[in-house]
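Colleague: Could you walk me through this structure, one topic at a time? I am new to it and would like to ask as we go.

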Amino acid sequence: MADSPKPGALAGIRVIDVSRILGGPYCGQILGDHGADVLKVEPPQGDDTRAWGPPFQNGVASYYMGLNRNKLGTQLDLASECGQSVLLGLLEGADVLIENFKTGTLEKWGLGYEALAQRFPRLIHCRVSGFGADGPLGGLAGYDAAVQALTGIMSVNGEVGGEPLRVGLPVVDLVTGLNAALGVLLALQERERSGRGQFVEASLFDCGLSLLHPHAANWFADGQKPKLTGNAHPNIYPYDAFATHTVPIFLAVGNDRQFELLCRHLGTPELAQDERFVRTYSRSQHRAALRQRLETELSRHDGAALAEALMQIGVPCAPILTVDAALQHPHTAHREMVVRIGDNYTGVASPIKLSRTPATYRHAPPVELSGS
């Protein structure tokens, strides 16, 4: 890391992050990575994720460490008048407030959006919630896995004939944090015209539904309930995992030209001329027969070498790597996607690449917090 990094795209933006768990803190980390000054305000007992381990680093769970870099830290009891008074002081001159309190909590304390907007008209108030404030589920708490279940994500994730499965990472929480950060940026842009802040909300429920492509689009079109398809894509084929002589690979063939290249490389150009497989839609319709043919051909190949060769000729393909192998891949290093801060922090870098104002990594997560 350079001694004097260039100011980030959000340099000069002050963020007060009083959120906990994942979506809100991830939003704050995104803003911090790109230059915003972020103060993470935790309750006296700390963010719940400090205890979400093992593993732990210096007594703090790695889960917390992965969501809270580029922030300074403090502790406040916002249920107390003293804590509320300190927060109001912190909001003087702040640009963004990130919170994920249960609906009604801040309002009970006199810190809801309407009250804060009157006092700080330029403040952008960002709330990450489970279900929004009203409606049949309004105000209820939401956790990633439960929202995956409720929004249909689990129903399309799992092996054919098996049981619905949770996606193996907190995809709803993460996309909610991303949408919250996007909402903040939109509000900052609009403030340049109006001079006024506004309320930004990203709910897990809404964001879970937004992830349903192409299953939602398919259902809107034909009314057929989406089914479990395992690794296979519901619309196109071969877009699936396959065994080889060595490691398994994933083929992601999206058009007729890619399929022709695949068949030619495998030494079976006749497959691309078979009337069952000659067009994208027909390959999807006859996927069982195509899979059987491909399995026979792929069983003769080394998976890693084949994947590399196919990528080189324009056929999307990859070996199915473990997490440790992916993080140690040469391209991961080339893209500078692992970042280190000091001696005790290693994390996944920002995937957002800006040419003049790139992300910077200035502060390790606030393990030790100051109290107020």
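Colleague: Let's begin on the outside. Which residues make the nonpolar surface patch of about 250 Å²?

Modeller: Happy to help, and please keep in mind that this is a predicted model. One member of the patch, Leu150, belongs to helix H6, residues 144-150. Leu150 has a relative accessible area of 48%, so it counts as partly exposed. The nonpolar patch of about 250 Å² is made by Leu137, Leu140 and Leu150.

Colleague: Now the inside. How many residues of helix H1 are buried?

Modeller: Helix H1 covers residues 23-33. Buried residues there include Gly23, Tyr26, Ile30 and Asp33. Helix H1 is largely enclosed by the rest of the structure, because the number of its residues that are buried is eleven of the eleven.

Colleague: Which elements do the buried residues of H1 pack against?

Modeller: Among the strands, they pack against E1 (14-17) and E2 (37-42). The other partners are strand E6 (96-99), strand E7 (124-129) and helix H7 (171-194).

Colleague: What residue with a positive phi follows H1?

Modeller: After H1 the chain takes on a phi near 105 degrees, a positive value. The residue in question is Gly35.

Colleague: Let's turn to pockets. Which residues lie nearest the centre of the largest pocket?

Modeller: The largest pocket has a volume of about 910 Å³, and 31 residues line it. Elements giving two or more residues to that lining include H1, helix H2 (62-65), H7 and helix H14 (323-327). Strands E12 (338-341) and E13 (345-348) also give two or more residues each. Nearest the centre are Gly66, Leu67, Leu174, Gly347 and Val348.

Colleague: On to charges. Which residue forms a salt bridge with Glu99?

Modeller: Side chains of opposite charge can pair when their charged atoms come close. For Glu99, the closest N and O atoms of the pair are 2.7 Å apart. Glu99 lies in strand E6 and its partner in strand E7, so the bridge ties together parts 28 residues apart in sequence. That partner is Arg127.

Colleague: Is Arg127 buried or exposed?

Modeller: Residues under 20% relative accessible area count as buried. Glu99 meets this at 0%. The relative accessible area of Arg127 is 4%, so Arg127 is buried.

Colleague: Which residue meets Arg283 in a salt bridge?

Modeller: Arg283 sits in helix H11 (residues 280-285), and its partner is in helix H10 (residues 256-265), 27 residues apart. Arg283 is buried, at 0% relative accessible area, whereas the partner is partly exposed at 27%. The N to O distance is 3.0 Å, and the partner is Asp256.

Colleague: Arg300 and Glu297 also meet in a salt bridge. Is Arg300 buried or exposed?

Modeller: The N to O distance of this pair is 2.8 Å. Glu297 is buried, with a relative accessible area of 13%. Arg300 has a relative accessibility of 56%, so Arg300 counts as exposed.

Colleague: Where is Lys71?

Modeller: Lys71 counts as buried because its relative accessibility is 1%. Its contacts include Asp17, Pro25, Lys40 and His363. As for its place in the chain, Lys71 is in the loop between H2 and strand E5 (72-75).

Colleague: Which residue is joined to His213 by a cis peptide bond?

Modeller: Most residues other than glycine have a negative phi, and most peptide bonds are trans. A cis bond joins Gly53 and Pro54, with omega about 5 degrees. Omega is about 0 degrees in the cis bond that joins His213 to Pro214.

Colleague: One last question: is Glu336 buried or exposed?

Modeller: Glu336 has a positive phi of about 55 degrees although it is not a glycine. Its place is in the loop between helix H15 (330-334) and E12. Asn58 also has a positive phi, near 55 degrees, and Asn58 is exposed at 60%. With a relative accessible area of 62%, Glu336 is exposed.

Key:
Residues are numbered from 1 along each chain as its sequence is written. This is a predicted model: local features need pLDDT of at least 70, side-chain atom pairs count only at pLDDT 80 or more; totals for chains, interfaces and linings use all residues. Side-chain values use heavy atoms; hydrogens and water are left out. Patches are made of residues with over 30% relative accessible area and no salt bridge: like charges are joined within 9 Å, nonpolar side chains (Val, Leu, Ile, Met, Phe, Trp, Tyr) within 5 Å. Accessible areas come from the Shrake-Rupley method with a 1.4 Å probe; for residues, only the protein chains shown count as cover. A salt bridge is a side-chain nitrogen of Lys or Arg within 4 Å of a carboxyl oxygen of Asp or Glu. Helices (H or I, at least four residues) and strands (E, at least two) are DSSP runs, numbered from the N terminus. Buried means under 20% relative accessible area, exposed over 50%, partly exposed in between (1.4 Å probe, protein chains only). Contact means heavy atoms within 4.5 Å. On a 1 Å grid over the protein atoms alone, a cavity is a set of points where a 1.4 Å probe fits but cannot get out, and a pocket is an open set with protein on both sides within 12 Å along at least five of seven lines; lining residues have an atom within 4 Å of a point. Grid points are joined across faces, edges and corners, and a volume is the space filled by probe spheres set on the points. Lists of a residue's contacts leave out its neighbours within four places in sequence.
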